[in-house]
Amino acid sequence: MGIRITPSILNADLADLAAEVARIPSADLVHLDVMDNSFVPNLTFGLPVVESLRRHTSMPMDLHLMIADADRWAPSYAEAGCESVTFHIEASDEPVKLARTLRSLGARAAMALKPATPIDPYADLLPELDMVLIMTVEPGFGGQAFMDDMMPKVARTRELVRALGKEVWVQVDGGVSEATIERCVEAGADTFVAGSAVYRADQPDAVVQALRERAVVHAH
C-alpha cells in the first residue's frame with residue numbers, strides 16, 4: 001500500500017502560496033481547500049487563486065471542493081490543471097457524470113464524505129472514482145480535533161475498495177498529526193491531509209517526512 005502525504009495550505013500564509021508550497025518539497029500533492037461560505041461556513045479562495053498557483057508550482061494539486069453545486073464548478077478546476085479533484089457527495093446531483101467528466105479532463109476523480117454521511121449507500125460509485133475522502137472533522141475550518149469515531153468508516157471504505165479489486169486511494173482529512181496518523185493507517189487509509197500539524201511547525205517539510213515515516217511503519 002503506497003502512502004501519500006498531502007498537506008493542506010489552509011493554515012499556511014495565504015498571501016504567499018507559491019512560497020508556502022515550496023516549503024513542503026517532500027509532499028506527494030498539495031491539498032487545496034476551496035470553501036464557498038454556503039456548503040460550509042467559511043470562505044477561502046476559488047478558481048483564480050488555484051489557476052495562479054498552478055503557474056508557480058509543479059507540485060501536483062489535490063483539490064478539495066467544499067462548495068455547493070459541485071457538478072457545475074468542479075470541471076473548471078480539472079481544466080485549470082489540478083491533478084485530483086474532490087467533490088462532496090452531498091453537493092452533487094449527478095456524481096457519476098461528474099466523476100466521468102473529471103477523468104475525461106485528465107484529473108483523478110474523488111468523492112468526499114462529511115462525518116455524518118455513510119459510505120455504504122455510495123459503494124456503487126467506487127468504480128467511477130480514484131479516491132474517497134473521509135472527513136475526520138466537520139468540514140469548514142482548520143485546526144479541529146480529530147474524530148476517532150470515523151475510523152470504522154475508513155475501515156469500511158477500505159473493505160469496499162478491496163472487494164472492488166481496483167486501486168482507489170482512501171484519504172483522511174482533519175486533525176491528522178503524528179499522534180493520530182497511526183490510527184488512520186491501521187483503519188486502512190493511505191492518503192493523509194495534514195494542515196495545522198505541518199504549517200504551524202517551524203520546519204513544515206520535516207513534519208511531512210515524519211508523518212510519512214510513521215505511516216509507512218504501520219501500513220499493511
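**Helix packing, core contacts and local backbone features**

Glu-20 lies in helix α1, which spans residues 17–22; helices here are DSSP runs of type H or I with at least four residues, strands are E runs of at least two, and both are numbered from the N terminus. The structure is a predicted model, in which local features need pLDDT of at least 70 and side-chain atom pairs count only at pLDDT 80 or more, whereas totals for chains, interfaces and linings use all residues. Residues are numbered from 1 along each chain as its sequence is written, and side-chain values use heavy atoms, with hydrogens and water left out.

Within α1, Glu-20 is buried, with a relative accessible area of 9%, where buried means under 20% relative accessible area, exposed means over 50% and partly exposed covers the range in between, for a 1.4 Å probe and protein chains only. When residues up to four places away in sequence are not counted, Glu-20 touches Ala-12, Asp-13 and Tyr-199, a contact being defined by heavy atoms within 4.5 Å. Ala-22 also has its place in helix α1, but at 58% relative accessibility Ala-22 counts as exposed. The C-alpha atoms of Ala-22 and Ala-112 are 27 Å apart in space, with the two positions 90 residues apart in sequence numbering.

Tyr-199 appears again among the contacts of Ile-9, which, with neighbours within four places in sequence left aside, also include Leu-14, Leu-17, Val-21, Val-30, His-31, Leu-32 and Phe-45. Ile-9 belongs to the largest nonpolar core, a set of 69 residues in which Ile-9, Leu-32, Val-50, Leu-63, Val-85, Met-111 and Phe-192 touch the most other members. A nonpolar core is taken as a set of buried Ala, Val, Leu, Ile, Met, Phe, Trp, Tyr and Cys residues joined through side-chain atoms within 4.5 Å. In soluble globular proteins, nonpolar side chains tend to be buried together.

Phe-192 is also one of the residues touched by Val-176, together with Ile-181, Val-193, Ala-194 and Ala-197, again not counting residues up to four places away in sequence. Val-176 is placed in the loop between β7 (169–173) and α6 (181–187), and is buried, with a relative accessible area of 4%. Although Val-176 and Pro-7 are 169 residues apart along the chain, their C-alpha atoms are separated by 9.8 Å.

Helix α3 (residues 70–79) packs with helix α4 (residues 95–104) at an angle of about 10°, the two axes being 9 Å apart. Because angles under 35 degrees count as roughly parallel, over 145 as roughly antiparallel, 65 to 115 as roughly perpendicular and the rest as oblique, α3 is roughly parallel to α4. The axes are lines fitted to C-alpha atoms, for helices over the stretch in contact, and the angles run from 0 to 180 degrees between N-to-C directions. On the α3 side, Ala-70, Asp-71, Ala-74, Pro-75 and Ala-78 meet Leu-98, Thr-101 and Leu-102 of α4. The buried residues of α3 are Ala-70, Ala-74, Pro-75, Ser-76, Tyr-77 and Ala-78, and the elements that cover them include β2, α2, β3, β4 (84–88) and α4.

Positive phi values are found on both sides of α3. Asp-69, a residue other than glycine, has a positive phi near 55° and lies in the loop between β3 (61–66) and α3, where Asp-69 is partly exposed, with a relative accessible area of 40%. Gly-81, which follows α3, has a positive phi near 100°. Asn-37 likewise has a positive phi, of about 60°, although it is not a glycine, and is located in the loop between β2 (30–35) and α2 (47–54).

Helix α5 (residues 151–164) contains Glu-159, which is partly exposed, with a relative accessible area of 47%. The C-alpha atoms of Glu-159 and Ala-187 lie 9.8 Å apart, the two residues being 28 apart in sequence. Pro-152 is likewise in helix α5 and, at 56% relative accessibility, counts as exposed.

As regards aromatic side chains, Arg-4 lies over the face of Trp-169, at 3.7 Å from the ring centre, and the charged end of Arg-108 sits over the ring of Trp-169, 3.6 Å from its centre. The criterion is that NZ of Lys or CZ of Arg is within 6 Å of the ring centre and within 35 degrees of the ring normal.
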